[in-house]
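This report introduces a protein chain to a reader who has not met it before. It proceeds from the chain as a whole to its core, a pair of helices and a few individual residues.

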Amino acid sequence: MAVTALGPEILDELRAGRSPDIAPRVVDDLALTIDRESVGADGEVRSSTAVWVGRLRRIGRAKLNAWGLSALVDDAELLISELVTNGFRHGTEREITFRLVIGTDVLVLEVDDGSFALPVLRDAGPEELNGRGLKLVSAVAASWGVSSDGTKTWCTLKFPARKGRSQ
């Protein structure tokens, strides 16, 4: 999978409230492509693939801390876990691509799993073990969406207001 520029859906979201001709400035852009094994017969992600969820959380934490964005770490780790796990579980390609983009005032997380099936926001019952991931993403992220072809799921986190600067 080739890494591409931010999709039009994400750019539209990032431009909201700004002049339409002003593109958000990217200060850091990390993309990692990870081989995934097929899910098990029980629908669970194999442990040799699942270890990448923790690795990507640690990479995300390190990136955010390096940019002085430690206030976003907890939410970003949760969002990384949900998007990447969904990518591993529902992806159709041999690999997924995880992307972390730091802009001047927003963090974008994106997973390309190759699946054209649109993710579904579910109401999981109290006895169900799965099905709450996108509900968590919706609750925690500033915004989230899916690329027009369905292969990429993304979300954003806005930076906390800094002293002396209004947002």
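## Overview of the chain

Of the 167 residues in the protein chain, 41% are buried. The model is a predicted one. The chain contains 4 helices and 5 strands, and from the N terminus on these elements follow the order α-β-α-α-β-β-α-β-β. About 9,000 Å² of the protein chain is exposed, and carbon and sulfur atoms supply 52% of that area. When contacts between residues at least 6 apart in sequence are considered, 65% of them join residues at least 24 apart.

## The nonpolar core

In soluble globular proteins, nonpolar side chains tend to be buried together. The largest nonpolar core in this model has 27 residues, of which Leu64, Val84, Phe98, Leu107 and Leu109 touch the most other members. At least two residues of this core are supplied by each of helix 2 (47-66), helix 3 (73-90), strand 2 (95-103), strand 3 (106-112), helix 4 (133-140) and strand 5 (152-158). Helix 3 gives the largest share, with 7 residues.

Phe98 may be examined further. Leaving aside residues up to four places away in sequence, Phe98 touches Leu30, Ala31, Leu32, Ile34, Leu56, Ile80, Val84, Leu109, Glu110 and Val111.

## The pairing of helix 2 and helix 3

How are helix 2 and helix 3 oriented to each other, roughly parallel or roughly antiparallel? The two helices pack at an angle of about 150°, and their axes are 9 Å apart. Angles over 145 degrees count as roughly antiparallel, and helix 2 and helix 3 are therefore roughly antiparallel to each other. The crossing of helix 2 and helix 3 is right-handed.

On the side of helix 2, the residues that meet helix 3 are Thr49, Trp52, Val53, Leu56, Arg57, Gly60, Arg61, Leu64 and Asn65. Their counterparts in helix 3 are Val73, Ala76, Glu77, Ile80, Ser81, Val84, Thr85 and Phe88. Leu64 and Val84 thus appear in this interface and also among the core residues that touch the most other members.

## Three individual residues

Glu110, Lys135 and Ala31 are placed in different kinds of surroundings below.

Glu110 lies in strand 3. Its relative accessibility is 7%, so Glu110 counts as buried. Glu110 is also one of the residues touched by Phe98.

Lys135 belongs to helix 4. Because its relative accessible area is 40%, Lys135 is partly exposed.

Ala31 is part of strand 1 (residues 26-35). With 30% relative accessibility, Ala31 counts as partly exposed. Phe98 touches Ala31 as well.

The table lists, for each of these residues, a partner that is distant in sequence, together with the C-alpha to C-alpha separation in space.

| Residue pair | Separation in sequence | C-alpha to C-alpha distance |
|---|---|---|
| Glu110 and Trp144 | 34 residues | 9.5 Å |
| Lys135 and Glu82 | 53 residues | 9.8 Å |
| Ala31 and Arg99 | 68 residues | 4.3 Å |

Key. Residues are numbered from 1 along each chain as its sequence is written. This is a predicted model: local features need pLDDT of at least 70, side-chain atom pairs count only at pLDDT 80 or more; totals for chains, interfaces and linings use all residues. Side-chain values use heavy atoms; hydrogens and water are left out. A nonpolar core is a set of buried Ala, Val, Leu, Ile, Met, Phe, Trp, Tyr and Cys residues joined through side-chain atoms within 4.5 Å. Buried means under 20% relative accessible area, exposed over 50%, partly exposed in between (1.4 Å probe, protein chains only). Contact means heavy atoms within 4.5 Å. Accessible areas come from the Shrake-Rupley method with a 1.4 Å probe; for residues, only the protein chains shown count as cover. Axes are lines fitted to C-alpha atoms, for helices over the stretch in contact, and angles run from 0 to 180 degrees between N-to-C directions. Angles under 35 degrees count as roughly parallel, over 145 as roughly antiparallel, 65 to 115 as roughly perpendicular and the rest as oblique. A crossing is left-handed if the near helix is turned anticlockwise from the far one by less than a right angle, and right-handed if clockwise.
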